[in-house]
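Please read the following walk through one protein model with the sequence and the coordinates open beside the text. The paragraphs move between single side chains and the strands and helices that carry them.

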Amino acid sequence: MKKIFIHIICFFVMSAGLFSQEEEDKTYLLSIGNESLKNKVMEIAPGKIYETRNGEPISFGKMIQKMKNSRYIYLGETHDSLPMHNIQQQIIQALVIKYRRVAVGLEMFLSQQQQVLNKWSLGLLTEEEFIHESRWYVTWNFHFEYYAPVFRLAREWKIPLYGLNVERDIISKIRMRGWDSLLPEEKGKVPKPDLSHEEHRKLIRTIFENSDLPPQMKGRGLDMMFEGLYRAQSAWDEVMAANAVKAAEIEGTKLVVLAGSGHMIYNLGINRRVWERDSQPFSTVICVNVPADQEKIRVSRSLGDFIWCLSAEERPAFPAAGLRLKNVAGLDNLVIREKALSGAAKNTDFQKGDVILSVDDKPFSDINNLRFYLSRFTWGDSVVFKILRNGDEREVRLNYVQGK
């Protein structure tokens, strides 16, 4: 649960999904969701897919066959899990082969970015052009190679892609002051989120309370912080559900939705809100990792419709820098926005307000360009930053070391 909480406080609010379990995780064992399944538990082991309706293993082909009548297919992910993205690519490819017409909705893109997604699906952009034109490393900031299996398939097979998300600034405003604080044009982008669903609230509260909270976030303000985070999570679910329904209506075919598992587990997030708008059949696939020292774990059978069980990765395939950057008016150089909470920069000498003069002797004035440059490095590599702090120039080395 530690990994989830880092994304919460970075205002990704559970987008990363559920990564691994150090102990038996309460989040997987809640009595919520499907009425006929929510008090039933099953054991799962890596390398198998399970159908939760009967609690038994199922073949990949049978799972695809059972999606025949599903208008919406939800594939939960952990954003920095390459095996999960490979699974998404396999499922999308199998659906296209069997049912031909399939579109894909993406949490990691805004609905306003539809033009660049159309150009990509039509094969009009190279990968580097796509990354720059979409401003991938500003909009999303997870390594593009995690998502490359899905995007390469979409371009090769001309699969329509749809952005489902909305600007993070709008979600932050809802988190801080509520939906009513939005401007009229902002309200037009985000339907007013329902905050009254008790089982969904219980789910998000369980994730929140089982996270390792920093000391400054404990105490009297804990409930207030949760309410803000819950508003944000609900708003994200609401806007992605609304945009998913629009995409399905435009295409008139199956829509595969890719989003963090936290938006999908127990069929209480995006999937529930889509059902409230368009009550057509759907299927949800949730990937669950089993720690290396365990052969199997227990999960609720209401967690999703299908559970794909994996062995936990020793580390993500691609290291994250963890740098939080900003542009400052009148300054060409980028500035460190705040102390790093995660990634390779977490235990370095970078400080809030540091001005980045160069990286490996190269100047950068654009956040997307710098993050794209850093994406070429892997575990064991090192990058040299020259920074200006309080009038003094100094050198800080970013090391992508084991375990970061």
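A useful place to begin is E51, which is buried, since its relative accessible area is 8%. The model is a predicted one, and in it R53 makes a salt bridge with E51, the closest N and O atoms being 3.1 Å apart. R53 itself counts as exposed because its relative accessibility is 51%, just as E51 counts as buried because its own value, 8%, falls under 20%.

E51 also leads to the sheet, for strand 2 comprises residues 49–51, and this strand is joined by three bridges to strand 3, the two running antiparallel. Within that pairing, I49 has I58 of strand 3 as its bridge partner. In general, strands of a sheet pair through backbone hydrogen bonds, and they do so either parallel or antiparallel. The sheet to which these strands belong is open and has eight strands, in the order 3-2-10-8-4-7-5-6, with mixed pairing. Its edges are formed by strand 3 (56–58) and strand 6 (161–165), each of which pairs on one side only. On average, neighbouring strands of this sheet are turned by 30° against each other, direction ignored. Helix 4 (residues 114–121) packs on the sheet, where it touches strand 5 (102–110) and strand 6, and the direction of helix 4 makes about 155° with that of strand 6.

Aromatic side chains offer a second way through the model, in which 24 aromatic pairs are counted. One of them is formed by F60 and W308, whose rings lie 5.9 Å centre to centre with 65° between the planes, an edge-to-face arrangement. This pair links distant parts of the chain, with F60 in helix 2 (residues 60–66) and W308 in strand 10 (residues 306–311), 248 residues apart. The two partners can also be compared by their accessibility: F60 is partly exposed, because its relative accessibility is 27%, whereas W308 is buried, because its value is 11%. The rings of Y72 and Y74 give another geometry, for their centres are 6.3 Å apart and their planes stand at 15°, so this pair is stacked. Y72 is buried at 0% relative accessibility, and Y74 is likewise buried, with a relative accessible area of 0%.

Aromatic residues also gather into a group, in that F109, W120, F130, W136, W140, F142, F144, Y147 and F151 form one cluster. Elsewhere, rings meet charges. The charged end of K187 sits over the ring of W179, at 4.8 Å from the ring centre, and K254 lies over the face of Y99, 4.7 Å from the centre of that ring.

Two residues deserve attention for their backbone. R100 has a positive phi of about 70° although it is not a glycine, and R100 is found in the loop between helix 3 (82–99) and strand 5. Y266, which is not a glycine either, has a positive phi of about 65°, and its place is the loop between strand 7 (254–260) and helix 12 (270–277). Are these two side chains buried or exposed? R100 counts as exposed because its relative accessibility is 70%, while Y266 is buried because its relative accessible area is 1%.

The last topic returns to salt bridges, of which the count comes to 24. K189 and E167 meet in one of them through their side chains, at 2.7 Å from N to O. That pair links distant parts of the chain, 22 residues apart, since K189 lies in the loop between helix 9 (184–187) and helix 10 (198–209), and E167 lies in the loop between strand 6 and helix 8 (168–177). K189 is partly exposed at 36% relative accessibility, and E167 is partly exposed with a relative accessible area of 24%.

The side chains of R205 and E209 also meet in a salt bridge, at 2.7 Å from N to O. These two residues are four residues apart in helix 10, so about one helical turn separates them. R205 is buried, with a relative accessible area of 19%, whereas E209 is partly exposed, with a relative accessible area of 49%. Finally, salt bridges that share partners join D349, D354, R389 and R394 into one network.

Key: Residues numbered from 1 in each chain as written. Predicted model: local features only at pLDDT ≥ 70, side-chain atom pairs only at ≥ 80, totals over all residues. Heavy atoms only, no water. Pairing = 2+ DSSP bridges. Axes fitted to C-alpha atoms, helices over the stretch in contact; angles between N-to-C directions. Contact = heavy atoms within 4.5 Å. Phe/Tyr/Trp six-rings, centres within 6.5 Å; stacked < 30°, edge-to-face > 60°. Buried < 20%, exposed > 50% of the residue type's maximum accessible area, 1.4 Å probe, protein only. Lys NZ or Arg CZ within 6 Å of the ring centre and 35° of its normal. Salt bridge = Lys/Arg side-chain N within 4 Å of Asp/Glu carboxyl O.
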